[in-house]
Amino acid sequence: MNDGSGWIWDEYRGTKGVVFSSYLNSWVYLHMRVYAPNPPDYAYNSYWGKYVLATAHYDQYPLETWSGYSEYAEKDLASIASNKGYATFQDWAYFYNTEPYRVEGNHIWLNNGYATAIYVP
């Protein structure tokens, strides 16, 4: 990741749990990866202050023969955060990474290009 202050790398592989996707009408793994340098486990710039970037996608449950549907996974992650009381701003900013639905091997692309912000005090 590089927000203008130089490249940073985080090797944390994320967290994965089983959820029911109403979008796919099936159980899936919801996989979230958080990108923040270690330490201090956050990035900083004068505009956003302290922040982390994260991605989300589904992995097929239980066999994991495919992964993807990032847009649906993002919406599920936002719903989970909102239900836990965190302020959630869906489609908060456009990140110019739109991916129309398509299947490439075992990866299913789908992303509207907008990021969701979740405020964690």
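Which side chain makes a polar contact with the side chain of Asp59? It's the side chain of His57, at 3.2 Å. Keep in mind that you're looking at a predicted model. Asp59 is a handy place to start, since Lys16, Asp59 and Glu64 are linked in a network of salt bridges. From there we'll look at a helix pair, a patch on the surface and a proline.

**Asp59 and its surroundings**

- You'll find Asp59 in strand β5, which covers residues 53-60.
- Asp59 counts as buried because its relative accessibility is 7%, and the cut-off for buried is under 20%.
- Leaving aside residues up to four places away in sequence, Asp59 touches Lys16, Val28, Tyr29, His31, Glu64, Trp66 and Ser67.
- Two names in that contact list, Lys16 and Glu64, come back in the salt-bridge network with Asp59.

**The salt-bridge network**

- Searching the whole structure turns up five salt bridges.
- One of them joins the side chains of Asp59 and Lys16, with 3.1 Å from N to O.
- Asp59 sits in strand β5 and Lys16 in strand β1 (residues 15-21), so this pair ties together parts of the chain that are 43 residues apart in sequence.
- Lys16 also meets Glu64 side chain to side chain in a salt bridge, this time with 2.8 Å from N to O.
- That second pair links distant parts of the chain as well: Lys16 is in strand β1, while Glu64 is in the loop between β5 and β6 (67-68), 48 residues apart.
- How buried or exposed are the partners of Asp59? Lys16 counts as partly exposed at 36% relative accessibility, and Glu64 is partly exposed too, with a relative accessible area of 39%.
- So the network brings together a buried residue, Asp59, and two partly exposed ones, Lys16 and Glu64.

**A salt bridge within one helix**

- The side chains of Lys75 and Glu71 form a salt bridge as well, with 3.4 Å from N to O.
- Both residues lie in helix α1 (residues 70-83), where Lys75 and Glu71 are four residues apart, or about one turn of the helix.
- Buried or partly exposed? Glu71 counts as buried, at 6% relative accessibility, whereas Lys75 is partly exposed, with a relative accessible area of 24%.

**A nonpolar patch on the surface**

- Which residues form the nonpolar patch on the surface? They are Tyr47, Trp48, Phe89, Trp92, Phe95 and Tyr119.
- Together, these six side-chain owners have about 740 Å² of accessible area.
- Phe95, one of the patch members, is found in the loop between β7 (87-94) and β8 (99-104).
- With 37% relative accessibility, Phe95 counts as partly exposed.

**Pro100 in strand β8**

- Pro100 has its place in strand β8.
- Because its relative accessibility is 52%, Pro100 counts as exposed; the cut-off for that label is over 50%.
- If you skip residues up to four places away in sequence, Pro100 touches Trp109 and Leu110.
- Now try finding Asn112 on the model: Pro100 and Asn112 are twelve residues apart along the chain, and their C-alpha atoms are separated by 7.4 Å.

Methods
Residues are numbered from 1 along each chain as its sequence is written. This is a predicted model: local features need pLDDT of at least 70, side-chain atom pairs count only at pLDDT 80 or more; totals for chains, interfaces and linings use all residues. Side-chain values use heavy atoms; hydrogens and water are left out. Patches are made of residues with over 30% relative accessible area and no salt bridge: like charges are joined within 9 Å, nonpolar side chains (Val, Leu, Ile, Met, Phe, Trp, Tyr) within 5 Å. Accessible areas come from the Shrake-Rupley method with a 1.4 Å probe; for residues, only the protein chains shown count as cover. A salt bridge is a side-chain nitrogen of Lys or Arg within 4 Å of a carboxyl oxygen of Asp or Glu. Helices (H or I, at least four residues) and strands (E, at least two) are DSSP runs, numbered from the N terminus. Buried means under 20% relative accessible area, exposed over 50%, partly exposed in between (1.4 Å probe, protein chains only). A polar contact is a pair of N or O atoms within 3.5 Å; within protein, one must be able to donate a hydrogen and the other to accept it, and residues adjacent in sequence count only if both atoms are side-chain atoms. Contact means heavy atoms within 4.5 Å.
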